[in-house]
Amino acid sequence: MNNPALYVKSNPFQRRDAQLVLKKYGPQLAPGLAVLDVGCGTGDLTVDILAQACGDFRLLLGVDLSSHMVDFARRNFQTDRIFFDQLDIATTEVSTFRARWGSFDRIYSFYCLHWVKDLNRAVGNLGSLLATGGEMLLVFLAHNPIFEVYQRMAATSRWKVYMEVSILLNGDLLNTNIHKTCLVISCSDVLLQFT
Ligand SMILES: C[S@@+](CC[C@H](N)C(=O)[O-])C[C@H]1O[C@@H](n2cnc3c(N)ncnc32)[C@H](O)[C@@H]1O
């Protein structure tokens, strides 16, 4: 994910899933809202899929931890209403970001949060960036068979020098069952789980 030019050619599954989820749980948006896309990556999904679903928004801001991703998104996809900025969603300094951009009526995130180590802080930051009465739709891997493969590899003498595996999600975080492939949540309510 440090190579935006490669990533933008390799994300058909993320694009497909975002389309499916937005079709089913997509926004009923009044005009003029501020929308945030957390972990926007290259920005192609933000512009091609999220912007189309969001209609007449005032601001659509894509944020990502990676400066490479943000630079690529800015160069290729920035418009007069769509912007990109760097943000670690697990930062301890979210108030600086909020002072700059304000809060958001809708927050979306696609296939990002499973990369975040401090999920409690990330979820707290998402809450503090959400405007009163706002809504969030978060899509991320809560469990995947590959996690077990990583764990088993890390236990072998051949691989353990290269790998340290922590399973960070737990059932308490979202107060739900993690033994599913994907969770889609809106605010604190789990709307959809599919395997
Ligand atoms: C698999 S890509 C998803 C990109 C895009 N949302 C999509 O679905 O095609 C995950 C993105 O999350 C970003 N990311 C990882 N940790 C993050 C964090 N703590 N804060 C913000 N973005 C993060 C990565 O840099 C990467 O661009």
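This is a short conversation about a predicted model of one chain and its ligand.

Trainee: Why are helices α2 and α3 called roughly parallel?

Mentor: Look at the angle at which they pack, which is about 10°. Angles under 35 degrees count as roughly parallel, so α2 and α3 are roughly parallel to each other.

Trainee: What else describes two packed helices besides the angle between their axes?

Mentor: The distance between the axes is used too. For α2 (residues 12–25) and α3 (residues 44–54), the axes are 10 Å apart.

Trainee: Which residues make that contact?

Mentor: From α2 come Gln14, Arg15, Ala18, Gln19 and Leu22, and from α3 come Leu45, Ile49 and Ala53. They divide into five nonpolar, two polar and one charged. Ala and Leu count as nonpolar, while Arg counts as charged.

Trainee: How many residues surround the ligand, and what makes a residue part of that group?

Mentor: There are 20 of them. A residue belongs if its C-beta atom, placed from the backbone, lies within 6 Å of the molecule. Gln14, Gly39, Gly41, Leu65 and Cys112 are the closest. By type, the shell has 13 nonpolar, five polar and two charged residues.

Trainee: How many helices and strands does the chain have, and how are they ordered?

Mentor: Good one! The chain has seven helices and seven strands. Along the sequence they run α-α-β-α-β-α-β-α-β-α-β-α-β-β.

Trainee: What makes a residue count as buried, and what percentage of the chain does?

Mentor: The cut-off is 20 or more other C-beta atoms within 10 Å of its own. Of the 195 residues of the chain, 30% count as buried.

Terms used:
Residues numbered from 1 in each chain as written. Predicted model: local features only at pLDDT ≥ 70, side-chain atom pairs only at ≥ 80, totals over all residues. Helix = DSSP H or I, 4+ residues; strand = E, 2+ residues; numbered from the N terminus. Buried ≥ 20, exposed ≤ 12 C-beta atoms within 10 Å, placed from the backbone. Axes fitted to C-alpha atoms, helices over the stretch in contact; angles between N-to-C directions. Parallel < 35°, antiparallel > 145°, perpendicular 65-115°, else oblique. Contact = placed C-beta atoms within 7 Å.
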